[in-house]
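Colleague: Please choose one helix of this model and describe its surroundings closely. I should like to follow the packing outward from there.

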Amino acid sequence: MPKPLSITFLGTCSGGGPTLNRSCSSLSLNLESTSWLVDCAEGTQLQLRKAQLPKASKISKIFVTHLHVDHCSGIVPFMANAMTSVHNPGTANLDDTLRLELYGPSGLRKLVRTNLQITQTLLKGKYSAHELLFEHDTPTTCDETEMHQNEIPGRDIMIDCDGLWRHFENSHDIRVDAAPIVHRGDFHDSLAPCLGYVFTEYPHFQLSEEYLERLDAIPVSLLPDGIHDSRSLLSILLARGTESKPPVLLNDGTIVEPPPRGVPGRKVVILGDTSDPSEIIPFARGASLLVHEATNAWLPPGLGKRSNPTSPAEVRAKAISRGHSTPDMAGEFANTIGAQRLYLNHFSAKFPDPGPSYQYSRSSWAARAMREIEDQASQSWKMGKAVAASDLLVVDIPAPEQDTLL
């Protein structure tokens, strides 16, 4: 069966927050046995305690879109809390275990290291900070004399000739790619680089009757040591196919390959703050789910005193001037890449969270404003109903429905 895959919105407010009912930016990509954060703002720890998924002890990676305070100020507090024996019960020795990996733009390594050192924070286990660099960036040193005592040298991941970071991470059957997106100034501006991430599941294995019959026909005498049943090879073959390891070699020299991968896996596209994410299109096409910011929105007069007296064009121009998007811009991009589902986040602090599914009051101003924002995005998307995310919303991402998928 396909592995479970979901996302949890931990914080959906922009830099004007946090507010009483929205925390600042953070979400979690929940895999079968681990979770990965995308951004980690102030208050992320509290949101994790409230959420059903993920558990702090299961978080193994953090992907940072950019280093504005509303996206990264919770990283070190999270590390100080999660990288302790309290969150790793029953673990004999974590002192040399790589507990957490961080990915982000130039400066991430220095940000984490400096804060840990100044606050004299000691951790259980090791961490590593990998930087996605432009050609003009100077890598942050990993000299032993400057690293934190719990730090392992990170990778310097240079942008390629096409202006992308291709396949820089491969773990848990997920490939990770990234691209620069426009936020404040040109994305090559070293003062404010911003990234979008694409998490692509490898194509699912397809088991046919013919493949299983060939497996069953293998004589027991030819099986590798310790294998007493040809069907027992299946789990080994699937694991090797997932991890790109060599196929199984039988005692007579015959090579047994894993079953073929057929149906494409799921693809999750998560953008940082942006007014133009077009550079990520090569990776993002056909997204199973797109998370796109909608910081600013024009509201019609009928929504009451908080509606915006200016025109939609003026609100859009103002959003772009500040490196942000409106709901219709999010819908347009979702249409461009053919996204199957669209979720909006990073709302201005003036848009309070009415609660999951607007359960508190569907007639409240907040609920009506969110429905208007969803409608604007949906009209531009033209492929479905956009959803304005609430804090702690969990979204399951279904796999293609085929009986033979593994």
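Modeller: The account below begins with a helix, passes to the core and then turns to the strands.

The model is predicted, so local features are given only at pLDDT of at least 70 and side-chain atom pairs only at pLDDT 80 or more, while totals for chains, interfaces and linings draw on all residues. Numbering starts from 1 along each chain as its sequence is written, and side-chain values rest on heavy atoms, without hydrogens or water.

The helix chosen is H9, residues 327–337; helices (H or I, at least four residues) and strands (E, at least two) are DSSP runs numbered from the N terminus. Buried in H9 are Pro327, Met329, Ala330, Gly331, Phe333, Ala334 and Ile337, where buried means under 20% relative accessible area, exposed over 50% and partly exposed in between, for a 1.4 Å probe and protein chains only. Because an α-helix has 3.6 residues a turn, residues three or four places apart point the same way. The buried residues of H9 pack against three strands and three helices, named in turn. The strands are E14 (267–271), E15 (289–293) and E16 (342–345). The helices are H7 (281–284), H8 (312–321) and H10 (365–381). After H9 comes Gly338, with a positive phi near 70 degrees.

One residue of H9, Ile337, leads into the largest nonpolar core, which has 35 residues. Such a core is a set of buried Ala, Val, Leu, Ile, Met, Phe, Trp, Tyr and Cys residues joined through side-chain atoms within 4.5 Å. Ile337 is among the members with the most contacts inside the core, together with Ile280, Leu290, Leu342, Leu344, Phe347 and Phe351. H9 supplies at least two residues of this core, as do E14, H7, E16 and H10; the greatest contribution, seven residues, is made by H10.

Phe347 deserves separate mention. With neighbours within four places in sequence set aside, its contacts (heavy atoms within 4.5 Å) are Thr12, Cys13, Ser14, Arg22, Ala294, Thr295, Met370, Ile373, Ala388 and Ala389. A second core, separate and of 30 residues, includes Phe63, Ile174, Val176 and Ile270.

E14, E15 and E16, against which H9 packs, also belong to an open, mixed sheet of seven strands in the order E9-E10-E11-E14-E15-E16-E17. At its edges stand E9 (165–171) and E17 (387–388), each with a single partner strand, so that one side of each has no neighbour in the sheet. Two strands count as paired if DSSP finds at least two bridges between them. Within the sheet, E10 (residues 174–180) and E11 (residues 195–201) run antiparallel over seven bridges, and Arg175 has Thr200 in E11 as its bridge partner.

Strand E1 (residues 6–11) lies outside that list of seven strands, and six of its six residues are buried. E1 is joined by three antiparallel bridges to E18 (residues 394–396), where Val395 stands opposite Ile7. Five antiparallel bridges join E1 to E2 (residues 26–30), with Ser28 in E2 as the bridge partner of Thr8.

Gly11 is placed in E1 and is buried at 2% relative accessible area. Beyond its neighbours within four places in sequence, Gly11 is in contact with Ser23, Cys24, Ser25, Ser26 and Asp391. Thr44 is 33 residues from Gly11 in sequence, yet their C-alpha atoms are 7.3 Å apart.
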